[in-house]
Structures are given as C-alpha cells and as structure tokens.
Amino acid sequence: MAQPLAAHSAPPGGALALRVSAGTAQLQGLSPEHLLIAARRRQLPHAAQLECAALDSQLPVLARNLQRATPADKAAAQAALEQTQARFRALRC
C-alpha cells in the first residue's frame, strides 16, 4: 500500500515555494536579494508598487547628481536625495 500523504508533505512555511522561486529567479538572472524585494513589494498596494518602481530609477540619478554637483548646488542635491530616500523607506520599498 501507498504511504500516507503526510509523510511526503512540503516543508513548513512555504520553504519549497521559496526554493522553487529562488531557482526560477536564478534562471532569469535575478539575485536572491531581488527575489526578496519582489516578494515584499507584491504585498504593497498597487500605487505604492508603481511609486517604488519610479523611485528605483530616480535614486541612482539623484546620487550621480550629488556626486557631480558643484559646491554651490551640493546642498540642494543632497536634500533632494535624502527626501527621495526617506520616501523610499516610508513606502517600505
């Protein structure tokens, strides 16, 4: 006779799903960190997901602007970067 199904159940806490997702992510060229970020963002409201995606592209630009800023413009560039970083953290991106 066949053994009970309980003996072959999946690991607790969705570990199997995480392993499968991690394997899929590696095949697609995503790092485990990107996989965790994507999982966290799926739980956000749609508007927050869109804003996080926009902030993802804005943050590197603002960081470059700060590095390239003249001494006169450095304070404004720093303030813009810090404001965007604060919004990124507030949204829990």
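Me: For which residues does pLDDT stay under 50, and how many contacts beyond four places in sequence does the model have for them?

Reply: In this predicted model, pLDDT stays under 50 over residues 3–16, and for that stretch the model has four contacts beyond four places in sequence. Across the protein the average pLDDT is 81, with 70% of the residues scoring at least 70.

Me: Where in the protein is confidence lowest, and where is it highest?

Reply: Confidence is lowest in helix 1, which covers residues 15–27 and has a mean of 53, whereas it is highest in helix 4, at 96.

Me: What makes Cys-52 and Cys-93 a disulfide?

Reply: Their sulfur atoms lie 1.9 Å apart, and a pair of cysteine sulfur atoms within 2.5 Å is what the term requires, so Cys-52 and Cys-93 form a disulfide. The structure holds one disulfide.

Me: Which parts of the chain does the disulfide of Cys-52 and Cys-93 tie together?

Reply: Cys-52 lies in helix 3, residues 46–68, while Cys-93 lies in the segment after helix 4, which spans 74–91, so the pair ties together parts that are 41 residues apart in sequence.

Me: Why is the disulfide of Cys-52 and Cys-93 called left-handed?

Reply: The torsion about the S-S bond of Cys-52 and Cys-93 is about -85°, and therefore this disulfide is left-handed.

Me: How do you know whether Cys-52 and Cys-93 are buried or exposed?

Reply: Buried means under 20% relative accessible area; Cys-52 has a value of 0% and Cys-93 a value of 5%, so both cysteines count as buried.

Me: What makes the pairing of Asp-56 with Arg-41 a salt bridge?

Reply: The closest N and O atoms of Asp-56 and Arg-41 are 2.5 Å apart, and the limit for a salt bridge is 4 Å between a side-chain nitrogen of Lys or Arg and a carboxyl oxygen of Asp or Glu, so this pair qualifies. The salt bridge links distant parts of the chain, with Asp-56 in helix 3 and Arg-41 in helix 2, 15 residues apart. By this rule, the count comes to two salt bridges.

Me: Why is Arg-41 called buried, and why is Asp-56 called partly exposed?

Reply: Arg-41 is at 13% relative accessibility, and because buried means under 20%, Arg-41 counts as buried. Asp-56 is at 35%, which falls between the 20% and 50% cut-offs, so Asp-56 counts as partly exposed.

Me: Which residues does Arg-41 touch, not counting those up to four places away in sequence?

Reply: Arg-41, whose place is in helix 2, touches Gln-49, Cys-52, Ala-53, Asp-56, Phe-88 and Cys-93.

Me: How do you know that Glu-51 and Arg-87 form a salt bridge?

Reply: Their closest N and O atoms are 2.7 Å apart, which is within the 4 Å limit, so Glu-51 and Arg-87 form a salt bridge. Glu-51 lies in helix 3 and Arg-87 in helix 4, so the pair ties together parts that are 36 residues apart in sequence. Glu-51 is partly exposed, with a relative accessible area of 29%, and Arg-87, at 38%, also counts as partly exposed.

Me: Why is Thr-84 called buried, and which backbone oxygen does its side chain reach?

Reply: Thr-84, which lies in helix 4, has a relative accessible area of 11%, and because this is under 20%, Thr-84 is buried. The side chain of Thr-84 reaches the backbone oxygen of Ala-80 at 2.9 Å. Leaving aside its neighbours within four places in sequence, Thr-84 is in contact with Leu-55, Gln-58, Leu-59 and Leu-62.

Conventions
Residues numbered from 1 in each chain as written. Predicted model: local features only at pLDDT ≥ 70, side-chain atom pairs only at ≥ 80, totals over all residues. Heavy atoms only, no water. Helix = DSSP H or I, 4+ residues; strand = E, 2+ residues; numbered from the N terminus. Buried < 20%, exposed > 50% of the residue type's maximum accessible area, 1.4 Å probe, protein only. Polar contact = N/O pair within 3.5 Å; in protein donor to acceptor, adjacent residues only side chain to side chain. Contact = heavy atoms within 4.5 Å. pLDDT = per-residue confidence, 0-100.
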